[in-house]
Amino acid sequence: MKKPESMVVLTGAGISAESGIETFRAKDGLWANHPVEEVATPEGFARNSQLVYRFYNERREQLMSEEIKPNNAHSALAKFEHDFGGSFLLVTQNIDDLHERAGSKNILHIHGELLKMRCSNSQIVFDIRESFDFDTHCQCCRSPGNLRPHVVWFGEMPFHMNQINMALGACDIFVAIGTSGNVYPAAGFYQNAKINNAQTVELNLEETGSTFDTHIYGPASQVVPRFFEELLTL
Ligand code: APR
């Protein structure tokens, strides 16, 4: 593998699994206990907003708890970005803030962020670290009923797609970490990078049936530090 000059990294729930945050599609994962159509679609929110508020309030409370911390994979990514010297973009499907807490800088949350809420009226985005619901007043409209999680639900447009597509066209290596490759457009990013002759590497606990150039299997907290330390020695 030649020394890269421009890198795009995509992370999924698998990078946060060893920090104690459930993934989505494991047999006991989030979607096994919470039907997607009820808690992760605009229709579900319109049907029963309190259920959706509660789902995200519970996940936010968990994220804010003492025991949830970045793991060695998050730290290795932040260290690599600091030492790399080339252009580096971290695209995450995760809505947690573990990459930020580990020190990563150039991050795009393609599916939004658990610690942000949005006014559906003004589209203004606010930081939020506690629970909120239908009765919470937004600072813009000063009335209840307009606030929703700043999270991309199924059927909604992911964020930052123009910037991501530009970066995929310019990178010489694309690395996916801890994602099952079930959800587009993120699942197709490696093919976009491949079209532009980038090397594509998948770091995951198990096979995903994808056609990356290179697959490295194992827990992220072990394979990610090893892979990025080696990359720096090229
Ligand atoms: N280390 C590395 N990979 C792991 C680990 C680990 N410790 N634990 C689990 N994995 C892998 C699993 O093998 C699986 O391939 O992480 C992947 C997690 O897959 P999903 O649960 O489908 O999560 P993700 O790919 O991030 O889902 C993408 O789907 O539902 C939407 O918005 C949601 O952002 C999410 C998107």
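## Overall fold

The chain of this predicted model is built from 10 helices and nine strands. Its radius of gyration is 18 Å, close to the 17 Å that the globule rule gives for 234 residues, so the chain is as compact as a globular protein of that length. When the C-alpha trace is laid along its principal axes, the chain spans about 55 × 35 × 30 Å.

## The ligand and its surroundings

The ligand occupies the space of the largest pocket, where 22 residues surround it, the closest being F24, R25, T179, S180 and E206. Sorted by class, this shell around the ligand consists of nine nonpolar, 10 polar and three charged residues.

Oxygen atoms of the ligand take part in polar contacts with both backbone and side-chain atoms of the protein. On the backbone side, a polar atom of F24 lies 2.8 Å from an oxygen atom of the ligand, and a polar backbone atom of Q93 is 3.1 Å from an oxygen atom of the ligand. On the side-chain side, R25 places a polar atom 2.7 Å from a ligand oxygen. F24 and R25 thus appear among the closest residues and also in these polar contacts. Taken alone, the ligand exposes 730 Å², and the protein buries 92% of that area.

## Backbone features in two loops

Two places in the backbone deserve a look when the model is inspected. In the loop between strand 7 (173-177) and helix 9 (189-195) lies P185, and the peptide bond that joins Y184 to P185 is cis, with an omega of about 5 degrees. T179 and S180, which are among the residues closest to the ligand, have sequence numbers that fall between the end of strand 7 at 177 and the start of helix 9 at 189.

The other place is R142, a residue in the loop between strand 5 (125-127) and strand 6 (147-151). Although R142 is not a glycine, its phi is positive, at about 55 degrees.

Notes: Residues numbered from 1 in each chain as written. Predicted model: local features only at pLDDT ≥ 70, side-chain atom pairs only at ≥ 80, totals over all residues. Heavy atoms only, no water. Near = heavy atom within 4 Å. Polar contact = N/O pair within 3.5 Å; in protein donor to acceptor, adjacent residues only side chain to side chain. Areas by Shrake-Rupley, 256 points an atom, 1.4 Å probe, with all protein chains shown as cover. 1 Å grid on protein atoms, 1.4 Å probe; cavity = no way out; pocket = protein on both sides within 12 Å on 5 of 7 lines; lining within 4 Å. Sits in = over half its atoms within 2 Å of the grid points. Nonpolar A, V, L, I, M, F, W, Y, C, P; charged D, E, K, R; others polar. Helix = DSSP H or I, 4+ residues; strand = E, 2+ residues; numbered from the N terminus. Rg over C-alpha atoms; globule rule 2.2 N^0.38 Å.
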